[in-house]
Amino acid sequence: MRGAGVLATARKHLQIQYAVAAVLPAPLGAVCQVGKLENQCLHLVVPSAAHAAKMRQLAPRIARTLADQGWNLNEIAVKVQAGLPKPGARQPRPPKEAQPLGETALGAFETLHDSLRPGPLADAVAKLLKHHKSS
């Protein structure tokens, strides 16, 4: 049952993460992360002291907005965590989760390609077919 509790906590953190990011200016929302939520105190983590200062200025607005959305919070605490990525730092891309097309799908794309007039869509379908047939 412990897994269910962890999953529920993760979902709650994601929900509040999105809610906080929506209140903040985009650059600040991109680097602010939810640290934890306990005893009606939301702990937010940012990568630098400058971010923390701005977050502390915005804390009352964040608290009001979250309260309007039904979150039961009395306090917002901001902490600097040096290991967080700074804005503009390139994040590694997640690996592609491409699945090869089956014979049925390839047949459907071939039929589609045969029915298309020459143009960008026909070229794209031909490229797709060429890519998946060579795999």
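**Notes on Val34, Ser48 and the core**

1. Let's start with Val34: look for this residue in strand S1, which covers residues 33–38. Bear in mind as you read on that this is a predicted model.

2. Is Val34 buried or exposed? The relative accessible area of Val34 is 14%, and the cut-off for buried is under 20%, so Val34 counts as buried.

3. What does Val34 touch, once its neighbours within four places in sequence are left aside? The contacts of Val34 are His13, Ile16, Gln17, Leu42, His43 and Leu44. If you want a distance to check in the viewer, try Val34 and Val46: their C-alpha atoms are 9.0 Å apart, with the two positions 12 residues apart in sequence numbering.

4. Stepping back to the whole chain, you'll find five helices and three strands in the protein. Starting at the N terminus, their order is α-α-β-β-α-β-α-α.

5. Now the core. The largest nonpolar core has 22 residues, and the members that touch the most other members are Val20, Leu42, Met55, Ile62 and Leu66. Several elements chip in at least two residues each: helices H1 (2–23), H2 (26–31) and H3 (49–68), together with strands S2 (41–46) and S3 (75–80). H3 is the top contributor to this core, with six residues. As background, nonpolar side chains tend to be buried together in soluble globular proteins.

6. Ile62 is a good residue to click on here. Setting aside neighbours within four places in sequence, Ile62 has contacts with Val20, Val23, Leu24, Met55 and Ile76. Val20 and Met55 are worth a second look, as both are listed with Ile62 among the residues touching the most other core members. Leu42, also on that list, is one of the contacts of Val34.

7. Where does Ser48 sit? Ser48 is in the loop that runs between S2 and H3. Despite the loop setting, Ser48 is buried, because its relative accessible area is 17% and the limit is under 20%. The side chain of Ser48 also makes a polar contact of 2.5 Å with the side chain of His51.

8. Finally, some totals. The protein has 135 residues, and buried ones make up 25% of them. Its accessible surface is about 9800 Å², with 57% of that belonging to carbon and sulfur atoms. Of the contacts between residues at least 6 apart in sequence, 55% link residues at least 24 apart.

Terms used: Residues numbered from 1 in each chain as written. Predicted model: local features only at pLDDT ≥ 70, side-chain atom pairs only at ≥ 80, totals over all residues. Heavy atoms only, no water. Core = buried A, V, L, I, M, F, W, Y, C linked by side-chain atoms within 4.5 Å. Buried < 20%, exposed > 50% of the residue type's maximum accessible area, 1.4 Å probe, protein only. Helix = DSSP H or I, 4+ residues; strand = E, 2+ residues; numbered from the N terminus. Contact = heavy atoms within 4.5 Å. Areas by Shrake-Rupley, 256 points an atom, 1.4 Å probe, with all protein chains shown as cover. Polar contact = N/O pair within 3.5 Å; in protein donor to acceptor, adjacent residues only side chain to side chain.
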